[in-house]
Amino acid sequence: MWDILLLFSSICSVVVGAPVAVTGHSGGRADIRCTYQSGYESNPKYLCKGECNIVNTVIMVKSGSPAEDQRFSLSDDRTARVFTVTITDLRTEDEGQYWCGVESTGTDVYSEILLLVKQVGGGAPVIVTGYRGERFDIRCTYESGYESNPKYLCKGACNIGNKVIVVKSGSPAEDQRFSLSDNTTARVFTVTITDLRLEDEGQYWCGVERSLSADVYSEILLLVKMVVVGAPVKVTGHTGERADIRCTYESGYESNPKYLCKGACNFGNKVIVVKSGSPAEDQRFSLSDNTTARVFTITITELRPADEGQYWCGVKRTGTDVYSEILLLVKQEPSYFSTTETNPQSSSITVSDQNKSTDAVSEIYICVED
């Protein structure tokens with residue numbers, strides 16, 4: 001019977017007051033103040049995280065001994081009857097439920113703390129859009145007084161466990177496409193990204209470093225798009241036959257290189273099957289450019305089922321290349337033309353480029369050669 005009472009006493013606890021919410025900022029310092037009643041001045045004090053029961057007692061710091069995590073420390077003002085737990089370099093994983101505990105004979109006395117950890121942000125996220133292959137500038141404003149503070153751009157969650165700084169003032173970036181300049185007069189630092197890539201898309205943080213408190217952040221959501229002219233166009237060919245893909249382009253691009261790209265056609269997966277000025281690795285593919293008509297034509301001979309898929313007519317430019325999307329279908333059913341013809345039938349597709357200010361137009365011509 002005494003064993004049961006003793007166990008019950010150790011499991012139960014005395015909770016004083018309602019839960020208190022404490023808010024801190026990532027990278028900053030948080031002080032958790034815990035008051036206690038007269039008579040407990042010499043009793044040991046501690047901070048416990050989580051449920052804090054006999055099965056799961058995670059004591060973060062206790063009076064009279066250093067904490068395992070040295071970011072936590074405890075001081076006790078016995079005159080004011082307040083002990084303070086200080087957490088430095090606050091992290092998102094520090095967020096959660098805590099208990100201020102005072103050891104006593106029998107049952108310890110607890111008061112509940114709910115710690116919230118926030119990023120030091122500058123308002124709502126800013127959504128910006130850039131185009132693949134182009135240069136893009138991310139402009140980050142900051143307040144007066146931070147002119148001489150280091151600035152940086154961080155990608156992803158940007159917390160203590162996952163702080164990926166892509167570029168920082170005063171030192172070159174590992175990826176040389178990123179650079180940072182700081183206009184201290186206008187209080188704006190600019191991160192420039194050249195040769196923008198699809199994998200650059202994502203969440204970023206403009207950061208201003210502070211020595212005695214949390215860094216200041218403003219959130220950026222970067223979207224990276226391709227310059228695509230017109231809607232996707234489907235062209236159908238038949239196994240063993242020939243297909244001509246005709247791609248038109250605007251005036252001024254006559255001397256620009258042209259190519260046909262298969263698949264996603266992004267930086268990490270750019271499969272160019274044929275390009276003007278050089279023979280294709282697969283000799284079934286060839287490219288000719290009629291600069292007078294501003295049409296380049298890709299010819300595919302001996303169509304195969306493996307040729308089916310997504311393609312892009314590409315015109316190379318100094319900034320972003322211009323693309324027109326092609327969906328090539330290869331069917332097995334026989335042609336309706338006589339098999340005694342000397343020349344094979346051809347399927348031909350023409351994709352018309354146009355100014356961005358006008359609606360997308362695509363023209364399809366199905367041709368049969370004698």
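The following dialogue examines how several descriptions of this predicted model rest on their definitions.

Tutor: The model is predicted, with local features requiring pLDDT of at least 70 and side-chain atom pairs pLDDT 80 or more, while totals for chains, interfaces and linings use all residues. Residues are numbered from 1 along each chain as its sequence is written, and side-chain values use heavy atoms, without hydrogens and water.

Student: What makes up the secondary structure of the chain?

Tutor: The chain comes to one helix and 27 strands. These are DSSP runs numbered from the N terminus, a helix being H or I over at least four residues and a strand E over at least two.

Student: Why is strand β4 called largely enclosed by the rest of the structure?

Tutor: Strand β4 (residues 45–49) is so described because four of its five residues are buried. Buried means under 20% relative accessible area, exposed over 50%, and partly exposed in between, with a 1.4 Å probe and protein chains only. Across the 370 residues of the chain, 39% count as buried.

Student: How do you know that β4 pairs with strand β8 (residues 96–102)?

Tutor: Two strands pair if DSSP finds at least two bridges between them. β4 and β8 have five bridges, in the antiparallel sense, and therefore satisfy that criterion. Within this pairing, Y46 stands opposite G101 of β8.

Student: Which strand is joined to β4 by four bridges?

Tutor: That strand is β5 (residues 58–62), which runs antiparallel to β4. Here K49 has V58 of β5 as its bridge partner.

Student: What makes W312 and Y323 an edge-to-face aromatic pair?

Tutor: Rings of Phe, Tyr and Trp (its six-membered ring) pair if their centres lie within 6.5 Å; planes under 30 degrees apart count as stacked, over 60 as edge-to-face and the rest as tilted. Nine aromatic pairs are found in the whole structure. In the pair of W312 and Y323, the centres are 6.0 Å apart and the planes stand at 80°, so both conditions are met. The pair links strand β25 (residues 309–315), which holds W312, to strand β26 (residues 322–331), which holds Y323. Both W312 and Y323 are buried. Elsewhere, Y46, W99 and Y110 form one aromatic cluster.

Student: How do you know that the charged end of K151 sits over the ring of Y142?

Tutor: The criterion requires NZ of Lys or CZ of Arg within 6 Å of the ring centre and within 35 degrees of the ring normal. K151 is 4.2 Å from the centre of the Y142 ring, and this value falls within the 6 Å limit. K45 likewise lies over the face of Y36, at 4.2 Å from the ring centre.
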